[in-house]
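Good morning, and thank you for coming. I should like to take you through one structure, starting from a single residue and working outwards.

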Amino acid sequence: MKEMLKYGFILGLICFLASAVLSVVNAVTEPQIKLQKETEENLALKEVMPEALNFKPKFEGEKVIYYTAYNNVGEINGFIVKAEGKGYSFVIEAMAGLNPKLEITNVKILSQNETPGLGNRIMKDSFLSQFKGKGLDSFNQVQAITGATISSRAVINSIGNKISELKNQLLEELQHGR
């Protein structure tokens, strides 16, 4: 019995020390990870709407729900929405640029962890280029990828749903922003 208590105490001490080390590592790396993610997001903003000069985030609580893009004279150039959808094995985050007619200018996948060679084909230009020029009424023309239907449908549906959800808000901002 004493030996079991001894081993239990040693195991508890090891677990406590491992937890403490992980906690310290997390505290040290969390700001760097956050900064890296913000940098990647800022680069993605320019990628999905390269003609915009600056971007103003629209918040809902502490979360950014979309960005308003402005041209060099301060007029609204369009919007950028972030969408998330459950893929085959992970949540897929995408960003889509919208012109003032709410047609897609570009799409970028921000994060995904889909199966290499299958689901990760959502990152290829052959799939993403299908979105260009599409509005809500022509979204059904975007074709899912054979063999990666779940992943590609997650991207298609999440972007379509996000645009539908924000459509009235974006149109209202367009009317007041001009």
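L102 is buried, with a relative accessible area of 7%. Its place is in the loop between β4 and β5. The backbone deserves attention here as well: phi of L102 is near 65°, a positive value in a residue other than glycine. Please bear in mind throughout that we are looking at a predicted model.

The loop between β4 and β5 also holds N99. Is N99 buried or exposed? With a relative accessible area of 18%, N99 is buried, because the limit for that class is under 20%. Which residues does N99 touch, once neighbours within four places in sequence are left aside? They are M49, N77, G78 and T105.

Let me now turn to the chain as a whole. It has three helices and five strands. Read from the N terminus, the order of elements is α-β-β-β-β-β-α-α. The radius of gyration is 22 Å, well over the 16 Å that the globule rule gives for 178 residues, so the chain is more spread out than a compact globule. The C-alpha trace spans about 75 × 40 × 25 Å along its principal axes. One pair of residues may serve as an illustration of distance: V81 and V24 are 57 residues apart along the chain, and their C-alpha atoms are separated by 34 Å.

Of the 178 residues in the chain, 35% are buried. Among contacts with a separation of 6 or more, 47% are between residues 24 or more positions apart. The chain exposes about 11,300 Å², and carbon and sulfur atoms supply 56% of that area.

We come next to the interior. The largest nonpolar core has 31 residues, and those that touch the most other members are I104, F127, F131, V155 and I159. Which elements each supply at least two residues of this core? They are the strands β2 (63-70), β3 (76-86), β4 (91-98) and β5 (104-111), together with the helices α2 (125-128) and α3 (149-177). The largest share, eight residues, comes from α3.

I159 shows how such a residue is surrounded. Not counting residues up to four places away in sequence, I159 touches A83, A94, A96, I104, V107, F131 and F139. Apart from the largest core lies another one, of eleven residues, including V48, M49, F55 and M95.

V81, mentioned a moment ago, lies in strand β3. At 1% relative accessibility, V81 counts as buried. Its contacts, again leaving aside neighbours within four places in sequence, are I65, Y66, A94, M95, A96, L98, K162, I163 and L166.

Finally, let us move to the surface. Y7, F9, I10, L13, I14, F16 and L17 form a nonpolar patch there, with about 760 Å² of accessible area together. Y7 is found in helix α1, which covers residues 2-48. How exposed is Y7? Its relative accessible area is 49%, so Y7 is classed as partly exposed, since exposed requires over 50%.

To close, I would ask you to keep two places in view. One is the loop between β4 and β5, where L102 is found. The other is the nonpolar patch on the surface that includes Y7 and L17. Thank you for your attention.

Terms used. Residues numbered from 1 in each chain as written. Predicted model: local features only at pLDDT ≥ 70, side-chain atom pairs only at ≥ 80, totals over all residues. Heavy atoms only, no water. Core = buried A, V, L, I, M, F, W, Y, C linked by side-chain atoms within 4.5 Å. Buried < 20%, exposed > 50% of the residue type's maximum accessible area, 1.4 Å probe, protein only. Helix = DSSP H or I, 4+ residues; strand = E, 2+ residues; numbered from the N terminus. Contact = heavy atoms within 4.5 Å. Patch = residues over 30% accessible without salt bridge, like charges linked within 9 Å, V, L, I, M, F, W, Y side chains within 5 Å. Areas by Shrake-Rupley, 256 points an atom, 1.4 Å probe, with all protein chains shown as cover. Salt bridge = Lys/Arg side-chain N within 4 Å of Asp/Glu carboxyl O. Rg over C-alpha atoms; globule rule 2.2 N^0.38 Å.
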